[in-house]
Amino acid sequence: MKPLTIVVTGSTGTQGSAVARLLTERGHHVRRMTRNPAAPTDVHGDLDVPSSLRDAFAGADGVFLMTPLNSENEVARGKAAVDAARHVPHVVFTSATNADRGTGIPHFDTKAEVERHLTACHPHWTILGPAAFMAAGGPVTLPIPPDLKLHVVAPEDIAATAVLAFEQPDRLRHRRVDLASDVLTGPEMAALRGTEFVQVSPEQAERYNPDLAAMFRYFTETGLDLDLPALHAEFPEVGWHTYAAWLARAEQRRPPGRGA
Ligand SMILES: NC(=O)c1ccc[n+]([C@@H]2O[C@H](COP(=O)([O-])OP(=O)(O)OC[C@H]3O[C@@H](n4cnc5c(N)ncnc54)[C@H](OP(=O)(O)O)[C@@H]3O)[C@@H](O)[C@H]2O)c1
């Protein structure tokens, strides 16, 4: 296929770096948006400065849009980016699993507002709803019961789905797709990491971060609604990682001599 020019926001972060890497591997032209450009493929862009977004997005075939974890200005930032991308043929926005359900979780509800703005204002959009990102190293410390199964997603699988959306827009245009690669309990995750599961109390979680505490309360009391087998059957080319496989890859990528 003809190479696409895609602006990747959050390109120095977890999701954006995976998306930029995969797009580059597949021969596309990537503008890696950051507030601090350092490399020739970097482009300056600040979600708080709309004019910088218009410049960064000009002439692109697509924008991969993420919003940093900050509920206070997430709506303003997300809407500004959607507005700046009005003439870009395809916007892929990464939100969170079930954020469109009126969960009451602050950083889910702000994403839902950005989603509504995107679907109302932009002709060609895809919304991805990733579950909790897979992570390696250290004890698994969570405010959830030990028997609760948690959906997790590999950042590489978010990237593969986003790239699929850009390359095959007919399959993912005007779709909102929640993403998870695996589902397992805290103790199961800890066992795979060779570490321990530490259950913190809801009160401790609340003191640490009320927004994240609300999220884990929702996971525990309501639970995420996500049909993993159907998702994986519909998009087999994503190459969904089990948590065990993802940890093994993370171990291979770790520089020699570095601890977990
Ligand atoms: N962690 C999870 O399990 C999980 C699960 C689902 C959804 N999410 C959502 O994912 C999002 C975070 O994604 P991530 O973990 O991939 O990001 P991240 O690794 O935390 O990186 C943050 C990125 O945001 C960019 N950034 C920060 N302020 C900016 C600004 N004013 N203008 C432009 N760019 C800015 C940074 O770029 P520069 O500093 O280079 O400018 C950086 O690339 C959050 O909204 C979170 O709610 C997270």
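The radius of gyration here is taken over C-alpha atoms, and the rule for a globule is 2.2 Å times the number of residues to the power 0.38. For 260 residues, a compact globule would come out near 18 Å, and this protein has 18 Å, which agrees. Keep in mind that this is a predicted model. Its fold has eleven helices and twelve strands.

**The overall picture**

- Measure along the principal axes and the C-alpha atoms fill a box of roughly 50 × 40 × 35 Å.
- Buried residues account for 50% of the 260 in the protein.
- Take the contacts between residues at least 6 apart in sequence: 75% of them join residues at least 24 apart.
- The accessible surface is about 12,200 Å², and carbon and sulfur atoms hold 52% of that.
- On the charge side, there are 25 positive and 31 negative side chains. The centres of these two sets sit 5 Å apart.

**Helix α2, a helix with two sides**

- Helix α2 runs over residues 50-57, and its buried residues are Ser 52, Leu 53, Ala 56 and Phe 57.
- Those four cover an arc of only 125° around the axis, so they end up on the same side of α2.
- As background, an α-helix has 3.6 residues a turn, so residues three or four places apart point the same way.
- Turn to the other side of α2 and you find Arg 54 and Asp 55, which are exposed.
- What do the buried residues of α2 pack against? Their partners are the strands β1 (5-8), β2 (29-34), β3 (42-44) and β4 (62-65), along with helix α3 (71-84).
- Just after α2 comes Gly 59, with a positive phi of about 75°.

**Helix α11**

- In α11, residues 243-253, the buried set is Tyr 243, Trp 246, Leu 247 and Ala 250.
- These residues cover an arc of only 100° around the axis, which puts them on the same side of α11.
- The cover over the buried residues of α11 includes two helices, α5 (155-167) and α7 (186-193), and the strand β11 (182-185).

**Strand β11 and Thr 185**

- Thr 185 is part of strand β11, and β11 is one of the elements covering the buried residues of α11.
- Is Thr 185 buried or exposed? Its relative accessible area is 8%, and the cut-off for buried is under 20%, so Thr 185 is buried.
- Neighbours within four places in sequence aside, Thr 185 is in contact with Pro 146, Asp 147, Leu 148 and Lys 149.

**Around the loop from β5 to α4**

- Two residues to look at in the loop between β5 and α4 are Asn 98 and Thr 103. The loop is flanked by β5 at 90-94 and α4 at 106-121.
- Asn 98 has 0% relative accessibility, so it counts as buried.
- Thr 103 counts as buried too, at 13% relative accessibility.
- Phe 108 belongs to helix α4, and its relative accessibility of 4% makes it buried.
- Which residues does Thr 103 touch, leaving aside its neighbours within four places in sequence? Thr 103 is in contact with Asn 98, Phe 108, Asp 109 and Tyr 218.
- Phe 108, with its neighbours within four places likewise left out, is in contact with Ala 96, Thr 97, Asn 98, Ala 99, Thr 103, Met 215 and Phe 219.
- For a sense of distance, Thr 103 and Thr 14 are 89 residues apart in sequence and 24 Å apart in space, C-alpha to C-alpha.
- Phe 108 and Gly 78 are 30 residues apart in sequence, with 13 Å between their C-alpha atoms.

**Backbone angles to look at**

- Most residues other than glycine have a negative phi.
- Asn 98 has a positive phi of about 65° although it is not a glycine.
- His 174 is not a glycine either, yet its phi is positive at about 60°.
- Where is His 174? You'll find His 174 in the loop between α6 (169-172) and β10 (175-179).
- His 174 has 43% relative accessibility, which counts as partly exposed, whereas Asn 98 is buried at 0%.

Notes
Residues are numbered from 1 along each chain as its sequence is written. This is a predicted model: local features need pLDDT of at least 70, side-chain atom pairs count only at pLDDT 80 or more; totals for chains, interfaces and linings use all residues. Side-chain values use heavy atoms; hydrogens and water are left out. Buried means under 20% relative accessible area, exposed over 50%, partly exposed in between (1.4 Å probe, protein chains only). Contact means heavy atoms within 4.5 Å. Accessible areas come from the Shrake-Rupley method with a 1.4 Å probe; for residues, only the protein chains shown count as cover. Lys and Arg count as positive and Asp and Glu as negative; His and the chain ends are not counted. The place of a charge is taken as NZ of Lys, CZ of Arg, CG of Asp or CD of Glu. The arc is that of the directions from the helix axis to the C-beta atoms.
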